Amino acid sequence: MKVRIDPQRCQGHGRCYELAPELFGDDEEGYGQVTGDGVVPRDEEQTARRVVANCPERAIEIL
Ligand code: F3S
C-alpha cells in the first residue's frame, strides 16, 4: 500500500501527522507531507486507513 496527499485539497488540518507521525509530516506551512516515498509498512496499514478517513478535506488517497 502507498499513500499520497493531494496538495490541492490539503488545508493543513494536521490530523494526518498527529495521528500517524511515522507516516506523515508537515512542511514549513503546516501542510501534510507523506514520509519518504509514501510506502506504508504492512503493520501500519490500518493506521493509514484511519488517517485517510480522518482527513476533513479527503486529501489523502491510497494508491
Ligand atoms: Fe492536510 Fe488532511 Fe493532513 S488537510 S494536513 S492531509 S489531515
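1. I would start with R58, which is exposed, with a relative accessible area of 58%, a value that lies over the 50% at which a residue is called exposed. The model is a predicted one, and the remarks that follow should be read as remarks on that model. R58 belongs to the loop between α2 and β4, and its phi is positive, at about 50°, although R58 is not a glycine. Most residues other than glycine have a negative phi, and the backbone at this position therefore deserves a look when the model is inspected.

2. A59 is found in the loop between α2 (45-54) and β4 (60-62) as well, but its relative accessibility is 1%, and A59 therefore counts as buried, the limit being under 20%. The C-alpha atoms of A59 and R9 are 5.1 Å apart in space, while 50 residues separate A59 from R9 in sequence.

3. On the overall architecture, the protein chain has two helices and four strands, and these elements follow one another from the N terminus in the order β-α-β-β-α-β. The radius of gyration of the protein chain is 10 Å, close to the 11 Å that the globule rule gives for 63 residues, so the chain is as compact as a globular protein of that length. Taken along the principal axes, the box filled by the C-alpha atoms is roughly 30 × 20 × 20 Å, and buried residues account for 37% of the 63 residues in the protein chain.

4. The ligand sits in the largest cavity, and the residues around the ligand are C10, Q11, G12, H13, G14, R15, C16, Y17, G32, C55, E57 and I60. Helix α1 (residues 15-19) gives the most to this shell, with three residues. By residue class, the shell around the ligand divides into five nonpolar, five polar and two charged residues.

5. The cysteines may be of interest to the reader, since C10, C16 and C55 are among the residues around the ligand. C10 has a relative accessibility of 11% and C55 one of 14%, and both therefore count as buried, each value being under 20%. With a disulfide taken as a pair of cysteine sulfur atoms within 2.5 Å, the count comes to zero disulfides.

Technical notes: Residues numbered from 1 in each chain as written. Predicted model: local features only at pLDDT ≥ 70, side-chain atom pairs only at ≥ 80, totals over all residues. Heavy atoms only, no water. Near = heavy atom within 4 Å. 1 Å grid on protein atoms, 1.4 Å probe; cavity = no way out; pocket = protein on both sides within 12 Å on 5 of 7 lines; lining within 4 Å. Sits in = over half its atoms within 2 Å of the grid points. Nonpolar A, V, L, I, M, F, W, Y, C, P; charged D, E, K, R; others polar. Buried < 20%, exposed > 50% of the residue type's maximum accessible area, 1.4 Å probe, protein only. Rg over C-alpha atoms; globule rule 2.2 N^0.38 Å.
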